[in-house]
Amino acid sequence: MSRATFVSKIGAIAAAAGSAVGLGNIWRFPSETAGGGGAFFIIIYLGCILFFGVPLMLSEFIIGRSSKSNAAGAFHILASGTKWKYVGRLGVLSGLLIMGFYMVVCGWTLHYIFQSVAGTLSNVPDFTANFEQLLQNPLKQWILMVSFTFLTAFFIISGVKKGIELSAKIMMPLLFLILIILAVRSITLTGASAGIDFLFKPKLENLKPSVFVDAMGQAFFSLSLGMACMITYASYFSKEINLTETALQVSVLDTLVALLAGVIIFPAAFALAQNQTTITSELIAGGPGLLFITLPGLFDQMPLSALWSTLFFILLAIAALTSTISLMEVVTVYIHEEFKLSRAKSVLIVTTAVIILGAFSSFSSVFFKALDFLTAKIMLPVGGLFISLFVGWHLDKKIIVAELTNENSKPVGVRFIKGYIFILKYLAPAAILAIFIYGLVG
Ligand code: PHE
């Protein structure tokens with residue numbers, strides 16, 4: 001079977017970055033940071049990105065490009081007849097479950113686009129009540145999420161290259177620009193410094209035992225790791241792409257976007273709160289509405305607020321779309337290649353499953369939160385643990401070296417390779433396990 005490859009190098013990076021950068025950075029990161037007590041969460045999060053985020057992304061790239069196959073097929077090719085194939089299948093299941101709640105948040109984004117365009121958003125008297133009104137209308141949330149799921153399906157059907165590359169290459173820089181503008185506005189509000197302190201000055205009384213599990217889960221979620229997404233994408237990479245460089249670039253970009261989102265949300269949340277005590281307890285509780293309540297307040301402080309909010313929510317929706325495309329692609333290609341169904345049929349099956357899950361998430365916030373918890377805090381780290389063990393212990397070292405050096409055309413130091421394999425064999429698995437155990441007893 002001939003498989004698509006990404007046309008250009010920048011396109012491949014853009015697509016992987018497009019998968020990583022999404023609601024995870026701009027919606028989930030701030031609310032996890034709030035729940036995790038601010039600065040401590042951020043420090044541990046950065047540690048996770050460095051110690052297992054980057055090495056694991058590189059591992060998924062190696063598995064994907066060397067096998068040129070979907071999530072489950074990759075393990076079949078590299079370790080046929082073994083139980084490793086379950087790691088791929090676990091990834092596919094994670095992808096499906098993530099879509100089951102992620103699409104609902106995508107739906108909220110659509111709602112905010114409509115409100116911005118109609119000009120109603122800048123006229124609402126109370127942004128919290130405005131968000132709660134949406135939550136109290138599950139049918140509307142479901143219709144919005146179904147629309148977003150169809151939109152994603154449309155891109156999946158129209159092929160790998162066209163949709164993803166283009167949107168990622170043009171929209172990503174634009175999103176980055178508007179985030180910088182918003183960050184500047186936010187930190188120049190009077191009273192913003194309390195937010196900066198919350199973000200960057202660790203305070204012992206804010207430290208919570210769950211912070212390690214939360215930060216680890218967020219790192220996996222944000223970098224799209226542990227569910228074979230980067231395996232599937234790397235299976236389309238051409239052989240010229242430098243995997244180490246790409247993993248680094250994507251991780252740095254993803255982290256910058258998350259930090260920027262924090263620098264936008266927290267100063268604004270603190271500065272705009274009439275009542276500091278309510279906002280602080282709300283922040284610490286880390287509700288899912290943080291982004292959707294705080295940002296309209298920030299736009300309200302800017303000239304041409306409707307224009308800014310329209311632009312922002314459209315770009316946010318596009319960033320989310322490049323992530324949902326990657327999620328749906330993993331599940332679709334798996335069905336398409338493993339069950340030999342046509343691409344269109346596979347998309348139909350996935351779409352149906354997602355909108356059923358989405359109905360439950362729209363009607364029950366408990367279900368929504370359970371899916372979020374199960375995938376980000378359990379399934380992705382478990383997937384990551386096994387991927388690390390797979391590349392560290394099972395995969396032929398020749399394949400690793402060939403992938404890291406682009407078939408010996410770009411030599412890499414022996415020390416680098418040894419260090420990398422050491423991380424995968426011992427360090428990353430031990431750290432992930434330790435965090436799990438601490439989370440259970442802590
Ligand atoms: N990384 C994406 C985000 O931050 C979400 C995602 C998770 C996408 C796992 C693919 C796989 O929004």
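**Cavities in a predicted model**

**View 1. Helices around the largest cavity.** In this predicted model, four helices, namely helix 1 (9-20), helix 5 (85-118), helix 10 (211-222) and helix 15 (305-338), each contribute at least two residues to the lining of the largest cavity. The volume of this largest cavity is about 140 Å³, and the structure as a whole holds 3 cavities of 30 Å³ or more.

**View 2. Residues that line the largest cavity.** The lining of the largest cavity is made up of 16 residues, and among these Ser19, Tyr102, Phe221, Ser224 and Leu327 are the ones that lie nearest its centre. When the lining residues of the largest cavity are sorted by character, 10 are nonpolar and 6 are polar, while no charged residue is found there.

**View 3. The second largest cavity and its residues.** The second largest cavity encloses about 60 Å³ of space, and its lining includes Gln115, Ser116, Gly119, Leu121 and Ser122, together with Phe127, Pro296, Phe299, Asp300, Ser305, Ala306 and Ser309. Two or more residues of this lining come from each of helix 5, helix 14 (290-299) and helix 15.

**View 4. Helix 15 and the character of the second lining.** Which helix gives the most to the lining of the second largest cavity? It is helix 15, which supplies 3 residues to that lining. Sorted by character, the residues that line the second largest cavity comprise 5 nonpolar, 6 polar and 1 charged.

Methods. Residues are numbered from 1 along each chain as its sequence is written. This is a predicted model: local features need pLDDT of at least 70, side-chain atom pairs count only at pLDDT 80 or more; totals for chains, interfaces and linings use all residues. Side-chain values use heavy atoms; hydrogens and water are left out. On a 1 Å grid over the protein atoms alone, a cavity is a set of points where a 1.4 Å probe fits but cannot get out, and a pocket is an open set with protein on both sides within 12 Å along at least five of seven lines; lining residues have an atom within 4 Å of a point. Grid points are joined across faces, edges and corners, and a volume is the space filled by probe spheres set on the points. Ala, Val, Leu, Ile, Met, Phe, Trp, Tyr, Cys and Pro count as nonpolar, Asp, Glu, Lys and Arg as charged, and the others, Gly among them, as polar.
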